[in-house]
Amino acid sequence: MDKLEYENELAQQGYKYICGVDEVGRGPLAGPVVCAAVIMPLNDIIEGVDDSKKLSAKKRENLYEKIKQKAIAYAICRVEPQVIDEINILEATKLCMKNAVEALKITPDFVLTDGNMTLDINIPQKSVIGGDAKSYSIGSASIIAKVFRDKIMDEYAEIYAEYAFDKNKGYGTAAHIKGIKEAGLCPIHRRSFTKKWQ
């Protein structure tokens with residue numbers, strides 16, 4: 001599939017700054033949800049951009065640096081566990097995506113979001129289910145968000161060593177759940193996700 005299909009169609013309609021938005025971290029028991037918004041040049045494509053989940057950590061790191069260098073504009077936002085618990089993960093994800101779009105130094109004239117999200121923004125938008133694998137712009141955003149969030153969780157792993165965050169990134173693996181059972185919850189756990197251990 002042509003990963004520029006959506007972008008080329010929008011460019012033909014006269015849109016210049018087409019922004020891709022994606023999130024990482026909706027499912028984990030701990031840590032923030034992270035969103036990236038990226039406006040990429042469409043005449044200078046980076047090979048290998050895809051859904052971040054399909055790429056090795058090394059490949060993602062490499063692409064992360066290239067995307068940041070080539071992007072016309074990019075922004076990364078995070079919403080913390082306390083807010084996720086307060087407003088729920090869906091609303092937290094929408095807020096995070098909106099904040100990322102609004103943090104861009106250049107205002108996009110069209111926004112492509114991954115999944116089935118409608119954002120509270122005054123910019124034309126389209127949501128694309130599986131967009132991180134179908135759209136170059138969304139795929140670029142997914143890599144930025146994933147690498148950034150993984151770095152956050154690696155830092156938390158040094159503070160809260162008992163949960164193996166460097167390995168599981170906050171997802172509910174056996175090692176993570178063993179840590180919860182032995183040490184209880186830590187400040188970055190999402191209380192609304194971990195009620196059975198409270």
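Contact here means heavy atoms within 4.5 Å. Keep that in mind for the notes below, and remember that this is a predicted model.

1. Let's start with helix H4, which runs over residues 89-103. Its 15 residues reach 21 Å from the first C-alpha to the last, close to the 21 Å expected at 1.5 Å a residue.

2. Which residues of H4 are buried? They are Ile89, Ala92, Thr93, Cys96, Met97, Lys98, Ala100 and Val101. Have a look at Lys98 in the viewer, since this lysine is on the buried list too.

3. What covers those buried residues of H4? The cover includes four strands, E1 (18-24), E2 (33-39), E3 (73-79) and E4 (110-114), along with helix H3 (81-87).

4. Now the cysteines. The disulfide count for this model comes to zero. Cys35 is in no disulfide, and its nearest cysteine sulfur belongs to Cys96, 3.1 Å away. A disulfide needs the two sulfur atoms within 2.5 Å, so a pair beyond that cut-off is left out. Cys35 counts as buried because its relative accessibility is 0%.

5. Cys186 is in no disulfide either: the nearest cysteine sulfur, again that of Cys96, is 19 Å away. Is Cys186 buried or exposed? At 4% relative accessibility, Cys186 counts as buried.

6. Next, a pair of helices. Two packed helices are described by the angle between their axes and the distance between the axes. For H2 (residues 57-70) and H6 (residues 136-159), the angle is about 115° and the axes are 9 Å apart. H2 passes H6 in a left-handed crossing.

7. Who meets whom there? On the H2 side you'll find Arg60, Glu61, Leu63, Tyr64, Ile67 and Lys68. On the H6 side, they meet Ser140, Ile143, Ile144, Lys146, Val147, Phe148, Asp150 and Lys151. Sorted by type, the residues of this contact between H2 and H6 divide into seven nonpolar, one polar and six charged.

8. Last, try clicking on His176, which sits in helix H8 (residues 174-183). His176 counts as buried because its relative accessible area is 0%. What does His176 touch, leaving aside residues up to four places away in sequence? The list is Leu29, Ala30, Tyr163, Phe165, Asn168, Gly170, Tyr171 and His189. As for Tyr156, this residue and His176 are 20 residues apart in sequence and 13 Å apart in space, C-alpha to C-alpha.

How values were computed: Residues numbered from 1 in each chain as written. Predicted model: local features only at pLDDT ≥ 70, side-chain atom pairs only at ≥ 80, totals over all residues. Heavy atoms only, no water. Axes fitted to C-alpha atoms, helices over the stretch in contact; angles between N-to-C directions. Helix = DSSP H or I, 4+ residues; strand = E, 2+ residues; numbered from the N terminus. Left-handed = near helix turned anticlockwise from the far one by under 90°. Nonpolar A, V, L, I, M, F, W, Y, C, P; charged D, E, K, R; others polar. Buried < 20%, exposed > 50% of the residue type's maximum accessible area, 1.4 Å probe, protein only. Expected span 1.5 Å × (residues − 1).
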